[in-house]
Structures are given as structure tokens and as C-alpha cells.
Amino acid sequence: MDPSPHRDSADVIVVGAGPAGCSAAHHLALAGHDVLLLEKATFPRDKICGDGLTPRAVKELVDMGVDIGGEGWVRTKGLRAYGSGTTVEMPWPSVASFPDFGLVRSRMDLDHLLARKAVESGARLLEGTKVTQPVLDPDTGRVGGVVAWRDGAPHTYRAPLVVAADGASSRLAVALGLQQRTDRPMGVAVRRYYTTPRPDQDHLEAWLDLETRDSRGRTYMPFGYGWVFPVGNGTFNVGLGSFHIGRKPDLDHRQLFREWTARLPADWRFDDAHATTPLRGAPLPAGLNRRPQYTRGLLLTGDAGGMINPLSGEGIDYAMESGRLTADTVTRALAQPTAPAREEALLAYPDAVRAAYGRYFTVGRLVVHALNHPRVMRLVATRSLQRPVLQRFMFKLWANLTDPHSKDALDRVITAIQRAVPAA
């Protein structure tokens, strides 16, 4: 998918061709900008993820013109939740601005599709190009490009603006002093693929009661959930994740995964004999845990800016949404007639991000803090599935699928809660 010839300058450089980077590159290219999209791996490539796409993510795919009607997509009707011997099925919340279904597609396929879409829109993609550092103006400290390794040698690529979509560790953000905040939620997820005789499902599945023991042998229930997501053709993405704030909890996620999968029905065959990949893990920086999202010619988007839902761990929808928001900001900035006006437009980006996610992520942070008390988590896991109204409330909040203008009582309650808290 590499373009030819390879020009080393552009209007905008986007680093990272995941959902955030591809979304940003797609929208920027459609707006008429010369976009250079740099990806350290070569497609197709794997990414640690649950592979579940909520209706928020589906909307972004549709708006980007991605064909979601062909083979390879698994459509989901909602969530099947398990807890304390109770099983409930909840349809995706009906929200006028979003589709009424979700999807599942492996990131191996999804990211490749999105990269092709960005190229079709006019972006220039360089694969096998590992960005190592930004190029900084020695007088102003402003970003003017990046240095990357390609074909075993360093290359310099220049642009007046750079979008960091380079994931949770974000070399570019760290180089400019933008460290992850310890007062924001941080998650850890592990997952493994299995191919088993179990029939394909039309719901995402989540287990709330993940009991384990700490290093002192005490039984407790961490805040998190296990998932089983259907990828199609008898393949399932099986994993679990948890969130905490501040000090990392005494929790071995790999051991918890082994304990939990051992409790699942034996005929599902989620065992070593039916596993097709090793168990792999990844961090989940959530709740806008890097700020500001713009500084000195660099914009953060997706995981690089901590744009992950701290309740569900979902990041694909926020990645694509924030990529679009980044592109809109850059397009407005580049349309300004003077450098001060362009900078003023760019400095508005963090406010736009907070307007989009800040209040919801504040609510999420408060919920994470509360549910990290094992007694509170146990109460939620044992009682939330037994009351239909509480089921719907928790699902709407978990998926961030509410309509602030709806007359639905739960939508109004969730909207009121968000309005009562400050933006993250």
C-alpha cells in the first residue's frame, strides 16, 4: 500500500495507522490536504483489543464510507451479561443519532480496511516506518516533522503540523513532556483467540463477577469484566480487563484470566487445545489522561490522548471520533490567513475534546474510583442484573449511548449527572 514516489514533506503528518490515525488521515485528505500517514508495522498487523464495535463506532465507519455489508463482519444485537448466577440480554440502546446494532471485526482486518480507506481518500501511507522522535525548531521548540527509521536508515519527514496517533505509549507526546496523569483511570486488558465448536453468537457477552485472590490469599472482586466476543466462523475473542486510579492494584491479570476461563462451560472449549494465539496484554489509558491535547504543532488523538472509555475500555469509537475532530480542527486552522489565527484555532482543540468527552469521562472516573472498593463492586455485580431499570441504566452509561434531548427518563438522568460534574 506504500505510495510512489515517496515525498518527504506534507501539509500534515499523521503518526500511527490505527483507527484514530486512519480516521484523521481520511478526513484530512478529503478536505484537500496533503497527508503523510506513517505506520511502524506492515499490514495486516495485530492489535491487542476486544474487537467489539459499539453503535458509536459503527456510525463512524458508515460516515467514512466503509462497506460494512460484506463478509467478515459479525453483527451484534446488544449485550448478554452474566453475574451471580443471573444472565440478562439487553439490546443496544435506541438513540436516534446512532445505528441500532454493533459489529465485531478483528483488528487485523479492521485496521487494514481503515488504512486502505485513508489511501483511497488521498492520504500517502508509508508502512514499516517507525517514528522515533519529533523534529523541533531550535528557536521555538515547535514541531516541524518527525524522524523515523525506514529500510534500516533514519529519514526525516517534515510538515507544519503533526498528529500523534501513536498509541498508549506515544513517543511523540512523551518527547514534548506530555506524560500520563496518575489521577486518571488506567486499565489493563488481556485477550486470546479461540476456535471452538461453540455456535457463533449475535450478542457481545460480559462477565461482571471476576473473583480472585490477592497476594495475601484474600478473596476479592476487582473492578472489571470478562468478555467473549464472536469474530465469526467459530472464532471468539476472549479477554478481560480492569481499571484503577493511582497505585496499581495487586492483580495478576493472566492468572485471573486462567481462573475465569476455567469456570466457563466446558463445552465452550476455551482451553489451550482450542486457542489459536497466545495470551497477550496491553495498557488502556483512559479518561483523557494526557493534557493538553495540543501543544507546539502536535495534536494528540485516540489512545495517545487517553481517549478510552474508563467504564467499558472501548477505544475504537473514540479513536475514530477524535480522529475526525482532529481533522476538523486542523482544517479550520490551515484555512486561517495568518500564523496567529492558525495557532488560535489549534489552541481550541483541547476545549473541543473536553466538550466532546470531558463530562462523561469525569463521571467514568468517579465510577471507577467507587467500584475499586471491592464491597461496592461486589454489590454492583450481584444486584445490577436483578433489576431491569438498573440494568438499562448501567448499560446506557457503560456504552455511552444516551440522547441528551430524549424524553426517556434514564437518558434524562444520565444527562443531568453529566451536567452536574466538571469536564475532565
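**A walk through a predicted chain**

Hi everyone, let's start with the parts list: the chain has 11 helices and 21 strands. Helices here are DSSP runs of H or I with at least four residues, strands are runs of E with at least two, and both are numbered from the N terminus. Please keep in mind that this is a predicted model, where local features need pLDDT of at least 70 and side-chain atom pairs count only at pLDDT 80 or more, while totals for chains, interfaces and linings use all residues. Residues are numbered from 1 along each chain as its sequence is written, and side-chain values use heavy atoms, leaving out hydrogens and water.

Now the overall shape. The C-alpha trace spans about 60 × 50 × 45 Å along its principal axes. The chain's radius of gyration is 21 Å, which agrees with the value near 22 Å for a compact globule of 424 residues. That radius is taken over C-alpha atoms, and the globule rule is 2.2 Å times the number of residues to the power 0.38.

How much of the chain is buried? Of the 424 residues, 57% count as buried. Buried means under 20% relative accessible area, exposed means over 50%, and partly exposed is in between, with a 1.4 Å probe and protein chains only. As for contacts (heavy atoms within 4.5 Å), take those with a separation of 6 or more: residues 24 or more positions apart account for 72% of them.

On the outside, the chain exposes about 17800 Å², and carbon and sulfur atoms supply 52% of that. These areas come from the Shrake-Rupley method with a 1.4 Å probe; for residues, only the protein chains shown count as cover. There are 52 positive and 45 negative side chains, and the centres of the two sets lie 6 Å apart. Lys and Arg count as positive, Asp and Glu as negative, and His and the chain ends are not counted. Each charge is placed at NZ of Lys, CZ of Arg, CG of Asp or CD of Glu.

Next, the cysteines. How many disulfides does a search of the whole structure find? Zero, taking a disulfide as a pair of cysteine sulfur atoms within 2.5 Å. Why no bond for C22? Because the closest cysteine sulfur, in C49, is 14 Å from the sulfur of C22, too far for a bond. C22 is buried, at 0% relative accessibility, and C49 is buried too, at 16%.

Let's turn to the backbone, with two cis peptide bonds. One runs from F43 to P44, with omega near -5°, and P44 sits in the loop between β2 (35-38) and β3 (52-53). Another joins R291 and P292, with omega about -5°; P292 is in the loop between β19 (280-285) and β20 (294-295).

The loop between β2 and β3 also holds D51, which has a positive phi of about 75° although it is not a glycine. Is D51 buried or exposed? Buried, because its relative accessibility is 1%. N233, in the loop between β17 (224-232) and β18 (235-244), has a positive phi near 55°, and N233 counts as exposed at 75%.

Two last stops. G152 lies in the loop between β10 (143-150) and β11 (153-158) and is exposed at 64%. Q418 is in helix α11 (residues 409-419) and is buried at 15%. Leaving aside residues up to four places away in sequence, Q418 touches R359, Y360, V363 and T402. Thanks for listening!
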